[in-house]
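Please open the structure in the viewer and keep the sequence at hand. The tour below proceeds from one selection to the next.

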Amino acid sequence: MGQFFCCCSFAEKIKDLFPDGSLNSFTKLVLVNIVYFKGQWDREFKKENTKEEEFWLNKSTSKSVPMMTQCHSFSFTFLEDLQAQILGIPYKNNDLSMFVLLPNDIDGLDKIIDQITPEKLIEWTSPGHMKERNVILHLPRFEVEDGYDLEAVLSAMGMGEAFSVCRADYPGMSSHSRLHAQKFLHRSFVVVTEEGTESSAATGVGFALTSAPGCEHFHCNHPFLFFIKHQESNSILFFGRFSSP
């Protein structure tokens, strides 16, 4: 079952949320928002089926990755206009799923990334668009961590006053004047393994599968997008891109 935690173990997952130089003697207040998710697959990948395979960063460069494999029934659809396909991997109780958007071509992600929006992701992964199909799934075991300074993004969304010494206004938080947001930093951490997914945000065994008739192949051996969606609310909780091991 997918779970959310706000706990001390988070500190081991997200490190250096405030890097050197991001805070100074003028900093009076720090706000931290933490989300920690740990989900177990509805059907785990067997570790003995994981083997080293090549992951292609582009058509001429590859790196070796541990590739997990299983054959099962998954929600699946082709996106003909994008020349891509989407597959949903459910977590326990099926209230959350990880979806993977895989371009058909090795270098296809850069060609279509500007055409993808949150609204389209919700539409493409709706029950009316996806069908249950038997799929041979190859998915890398991977870890992604990154950080962002969101001041420019939030200002563009109309929240620029929050960072202004003259215009910021936080009377409900402090009686002191001139209190303003100095930094808005976000770090995220996602690990995908045979057992499931662990993610958080602040702000050598040979194996082969024989295709059964009508069985699709979903081979994530080149850059792809992934996101975790809550099915009932259609909310995207985590979103990321895997381009290089």
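Begin by selecting Phe 76: with a relative accessibility of 3%, Phe 76 counts as buried, because buried means under 20% relative accessible area, exposed over 50% and partly exposed in between (1.4 Å probe, protein chains only). This is a predicted model, in which local features need pLDDT of at least 70 and side-chain atom pairs count only at pLDDT 80 or more, while totals for chains, interfaces and linings use all residues. Residues are numbered from 1 along each chain as its sequence is written, and side-chain values use heavy atoms, with hydrogens and water left out.

**Aromatic pairs**

A search of the whole structure yields nine aromatic pairs. Rings of Phe, Tyr and Trp (its six-membered ring) pair if their centres lie within 6.5 Å; planes under 30 degrees apart count as stacked, over 60 as edge-to-face and the rest as tilted. Add Phe 218 to the selection: Phe 76 and Phe 218 form an edge-to-face pair, 6.2 Å centre to centre with 85 degrees between the planes. Phe 218 counts as buried because its relative accessibility is 0%.

Next, select Trp 41, Phe 45 and Tyr 91, which form one aromatic cluster.

**His 222 and its surroundings**

Now select His 222, located in the loop between strand E11 (216-219) and strand E12 (224-230). Strands (E, at least two residues) are DSSP runs, numbered from the N terminus. Is His 222 buried or exposed? At 4% relative accessibility, His 222 counts as buried.

Display the residues around His 222. Leaving aside residues up to four places away in sequence, His 222 touches Phe 55, Trp 56, Leu 102, Pro 103, Asn 104, Asp 105 and Ile 106; contact means heavy atoms within 4.5 Å. Ser 244 is 22 residues from His 222 in sequence, and the two are 8.3 Å apart in space, C-alpha to C-alpha.

**Strand E6 and its partners**

Finally, select strand E6 (residues 96-103), where eight of eight residues are buried. Both faces are covered: Leu 96, Met 98, Val 100 and Leu 102 lie on one side, and Ser 97, Phe 99, Leu 101 and Pro 103 on the other.

Add strand E5 (residues 84-90), which runs antiparallel to E6 and is joined to E6 by seven bridges; two strands pair if DSSP finds at least two bridges between them. The two strands form a hairpin with five residues between them, and Asn 93 in the turn has a positive phi of about 75 degrees.

E6 also pairs with E12 in the antiparallel sense, over six bridges. Which residue in E12 is the bridge partner of Ser 97? The partner is Lys 229, while Pro 90 stands opposite Ser 97 as well.

Key:
Helices (H or I, at least four residues) and strands (E, at least two) are DSSP runs, numbered from the N terminus.
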